[in-house]
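Colleague: I'm new to this one, so could you pick a single part and take me through it closely? Tell me what surrounds it too, please.

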Amino acid sequence: MKYTLFGQGEGVCTEAPANSPYVTVDSSQVVTDVSVSAGRAGVRMGWPLRTAMAVTPNLIVFSHPERTTDTMHKVYRALWNVSPFLRTVDSNAFFLQVPGEDVPLAEVRQVLLEIHRVLHAEQRFRAGLAENPFLAEALVAWSRLERVPGALYYRVRQQQLIVSPGLARWLDTGEEIETRWLEQMPIPALWYIPEKQREQLLQLGVHRLRDLKGISDELLSVHFGKEAWLWRRAMEQVPGGKIQVNYPAIEQRCSWRAPIGEESGIEVVESLMESMAAQLCGELQRVSAGAMSIGVSWRTETGRGSYEHAARSPVYQPFSLIAGLEAGRLQMVGRRLELLDVYVSDLRPLQSVQAGFVLYEDAFYPLAQIERSRMEDVRVQLAHKFPKKLQIGIKPTFREARLAAIERGKLVSRIVRRPVAVCKWRDEEPEAFVDHDEVHTILEVLDRWMEMGDWWQGEGERKMLRVWTDHNALLELECTRQAWYIYKVWD
């Protein structure tokens, strides 16, 4: 099943400073976006600017941007790293679908933490996690008017998360997911019904979506037309659903045309391709994507031509793009260049890789250990065919034997959460510490990462280190509230 997260930003439509309330307005002077402090003061989207200024006289006013801000591009990039099923809406909202058997609360919390890192104090997101895209958007719209009965409310730093009543019930009791909770949605929150018709429904005594069940088709069509029959279809929701993925663009393209009345020699191709490659790769790197297919097309006085290249790994660097299209450049024939197009397609998300190490099944291995494991598979097969005839390598050190024990599952870990006294520091990290009257000197920091504490108990992020000490100890250290602990011991 795919769970849908719908998020709507506040104060994200402009790169404004983080020290005062602000709004953005369109050409008709209607508020299109509201910062956090302006929203707390009572300003709402859709208000005339004059009304907003009357409520908060010290508002800073910006024009609504024509393009998506860099902040939102960073948000989209963080989302796309979690799931490729991403749809951007307007310039301040998104739909993200996360496949899985269980409700992806941990994944969503991590996404909101990533979003929080790129926003300032006047920016935040309100997100709804629900059974399908329509219900996720309905959850956010409903929560702006009143508290949704049965929903779970969380705060991840400054970001707000609402989990639908159907998913909340499934998490609590394990019962089958149902979507009837939508029937209680208030009419003013139904964004798909025009505002004037919502007001007419309220005048007729229709205050909740379920009240539409008691109105006949004839009465609805008399007052609102036959299209009003579709309003009740909103109560017929099923889990899953699909979104139209639109991020990033399926194809990125740069084009050049010779100025009218001027001639451009074929020798300008090389400099043009370098400029286009830099522009295209800059856009790819901004969305953390690489292209599996690249191509170039051209037109000279002798005719048209094109060349495409399928890359073995995602292309996102200018020199790689130029090198991949070199064969096409050599095929260009003529003296005058009239048209040149460079394009990339079949975009894939770039996977971040930590140099030298890999995590697998909750255990930690150097990459070299993985290669040795593959060689060991070959050795086992040969040893089975030729018993006692083949050996590989030398006697392993204690450290290598211990890491090998991790791989074989013979080395287990236990959580101790034991405080230590740091006696020597290096770059704000322990270099030596005292544990049970023993001084451990850290020989190597094998890994560093950040983990979220028990956020429901108010804990923030904690710094984690996996270290190897001079006592041949493999330990995981954590820093919580400026105090260091041995969190886990590998035995």
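Modeller: Let's go to helix α6, residues 165–173, where Pro165, Gly166, Leu167 and Ala168 are buried. Keep in mind that this is a predicted model. The cover over the buried residues of α6 includes the strands β1, β7, β8 (152–156) and β9 (159–163), along with α5. Right after α6 comes Gly174, with a positive phi, near 80°.

Some of those neighbours turn up again around the largest pocket. β1 (2–10), β7 (124–130) and α5 (133–143) each give two or more residues to its lining, and so do β3 (31–34) and α7 (195–203). The space in that pocket comes to about 1,200 Å³. Its lining has 35 residues, and Arg44, Met45, Gly46, Arg144 and Leu145 are the ones nearest the centre. Sorted by class, you get 15 nonpolar, nine polar and eleven charged residues in the lining.

Now for the packing. In soluble globular proteins, nonpolar side chains tend to be buried together. Here the largest nonpolar core holds 56 residues, and Leu79, Phe94, Ile115, Leu129, Leu321 and Leu340 have the most contacts inside it. Helix α9 (residues 269–286) supplies the largest share of this core, eight residues. Another core, of 32 residues, lies apart from it, and Leu139, Val148, Phe224 and Ala228 are among its members. Back in the largest core, try clicking on Phe94: leaving out residues up to four places away in sequence, Phe94 touches a set including Leu5, Phe6, Gly7, Tyr76, Leu79, Ile115 and Phe125.

Note on methods. Residues numbered from 1 in each chain as written. Predicted model: local features only at pLDDT ≥ 70, side-chain atom pairs only at ≥ 80, totals over all residues. Heavy atoms only, no water. 1 Å grid on protein atoms, 1.4 Å probe; cavity = no way out; pocket = protein on both sides within 12 Å on 5 of 7 lines; lining within 4 Å. Points joined across faces, edges and corners; volume = space filled by probe spheres on them. Helix = DSSP H or I, 4+ residues; strand = E, 2+ residues; numbered from the N terminus. Nonpolar A, V, L, I, M, F, W, Y, C, P; charged D, E, K, R; others polar. Buried < 20%, exposed > 50% of the residue type's maximum accessible area, 1.4 Å probe, protein only. Contact = heavy atoms within 4.5 Å. Core = buried A, V, L, I, M, F, W, Y, C linked by side-chain atoms within 4.5 Å.
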